[in-house]
Amino acid sequence: APLVEFTCPPNALLVAAFIAPFAPRLPGRGILELPLLFLAGGFYLLLSGAEDPILRCGLAWAAQTCGRLTGRRVSGWNAQSMAALILLVLHPLHLLQPSFQLSFLATGGILAAGNAAWERPRSVRWVGRSLAVSAGAWMASTPIMASTFLQVSPVALAMNLLAGPFLALSLFAGALLLLFPLGWVAELFTECVRLF
């Protein structure tokens, strides 16, 4: 099944991953879980500027989170479709903006490629799925990149795989720096960003 981590920026996932383990343990038998997750998500949207790609992620994440908390499975396709409809109702002309087009096209490519079966051999399943996701996003977004920006970058297929670990490490170090503003943490964060 398509997973939310294939359709959201890693920093949004970092917020959700930080909150999710603690939310069910709060008083009220999980009643506070949904409001806390949405408050964290809303705070992230405010900090990030609430551009179309971030709103797409936030709306889709909200749909899938509500589904999970109510025991219903919400597919990635349905969540993304709902996000697109809401954004287009609010701002119909955003359909003509490259950022809107690229966000939804790349996500569609990721969802389509994420369903690829990489069952055997088990040792390369993660590599195969990662390659498929990178290729899906690249193939779906290339027509817009070529027509709008006159750029096609095949090297992005490999660079996505190489940049991912550094980005995750940078985000973790950045979150650590906010919690513990120490010199060695700042140096770790600086080095992660430099490598990324």
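These legends describe close-up views of a predicted model.

**Figure 1. The whole chain is built from helices, with eight helices and zero strands.** Along the sequence, the pattern reads α-α-α-α-α-α-α-α. The chain has 196 residues, and 31% of them count as buried. Take the contacts in the chain with a separation of 6 or more: residues 24 or more positions apart account for 55% of them.

**Figure 2. Helix α5 is mostly covered.** This helix runs over residues 98–114. How many of its 17 residues are buried? The count is 12. Among them are the aromatic-ring positions Phe 100 and Phe 104. Leu 102, Ile 110 and Leu 111 are also buried in α5. So are smaller entries on the list, including Ala 106, Gly 108 and Gly 109. The length of α5 fits expectation: at 1.5 Å a residue it should span 24 Å, and its end C-alpha atoms are 23 Å apart.**Figure 3. Helices α4 and α5 pack with their axes within 10 Å.** Two packed helices are described by the angle between their axes and the distance between the axes. Helix α4 covers residues 76–90. Its axis crosses that of α5 at roughly 170°. An angle over 145 degrees counts as roughly antiparallel, and α4 and α5 are therefore roughly antiparallel to each other. From α4, the contact uses Gly 76, Trp 77, Gln 80, Ala 83, Ala 84, Leu 87 and Leu 88. From α5 come Phe 100, Phe 104, Thr 107, Gly 108, Leu 111 and Ala 112. By class, this contact of α4 with α5 has nine nonpolar, four polar and no charged residues.

**Figure 4. Helix α3 also packs against α5, at an angle of about 40°.** Helix α3 spans residues 52–69, and the two axes lie 8 Å apart. Is α3 parallel or oblique to α5? The angle makes α3 oblique to α5. Asp 52, Pro 53 and Arg 56 are the α3 residues in the contact. They meet Ser 99, Phe 100, Ser 103, Phe 104 and Thr 107 of α5. Sorted by class, the contact of α3 with α5 has three nonpolar, three polar and two charged residues.

**Figure 5. Pro 53 lies in helix α3.** Which residues does Pro 53 touch, not counting residues up to four places away in sequence? The answer is Ser 99 and Ser 103. Pro 53 and Ser 103 are 50 residues apart in sequence. In space, their C-alpha atoms are 5.5 Å apart. Pro 53 has a relative accessible area of 28%, so this residue is partly exposed. Ser 103, by contrast, is buried in α5.

**Figure 6. Leu 150 has a positive phi of about 55°.** Most residues other than glycine have a negative phi. Leu 150 is not a glycine, yet its phi is positive. Where is Leu 150? Its place is in the loop between α6 (125–149) and α7. Leu 150 counts as exposed because its relative accessibility is 74%.

**Figure 7. Helix α7 has a kink of about 35° at Ala 163.** The proline Pro 165 follows shortly after the kink. Helix α7 has 24 residues, 156–179. From first C-alpha to last, α7 reaches 33 Å, close to the 34 Å expected at 1.5 Å a residue. Its buried residues are Ser 170, Ala 173, Gly 174 and Leu 176. Which helix do they pack against? Their partner is α8 (183–195).

Methods. Residues are numbered from 1 along each chain as its sequence is written. This is a predicted model: local features need pLDDT of at least 70, side-chain atom pairs count only at pLDDT 80 or more; totals for chains, interfaces and linings use all residues. Side-chain values use heavy atoms; hydrogens and water are left out. Axes are lines fitted to C-alpha atoms, for helices over the stretch in contact, and angles run from 0 to 180 degrees between N-to-C directions. Helices (H or I, at least four residues) and strands (E, at least two) are DSSP runs, numbered from the N terminus. Angles under 35 degrees count as roughly parallel, over 145 as roughly antiparallel, 65 to 115 as roughly perpendicular and the rest as oblique. Contact means heavy atoms within 4.5 Å. Ala, Val, Leu, Ile, Met, Phe, Trp, Tyr, Cys and Pro count as nonpolar, Asp, Glu, Lys and Arg as charged, and the others, Gly among them, as polar. The expected span of a helix is 1.5 Å times one less than its number of residues. The bend at a residue is the angle between axes fitted to the seven residues ending there and the seven starting there. Buried means under 20% relative accessible area, exposed over 50%, partly exposed in between (1.4 Å probe, protein chains only).
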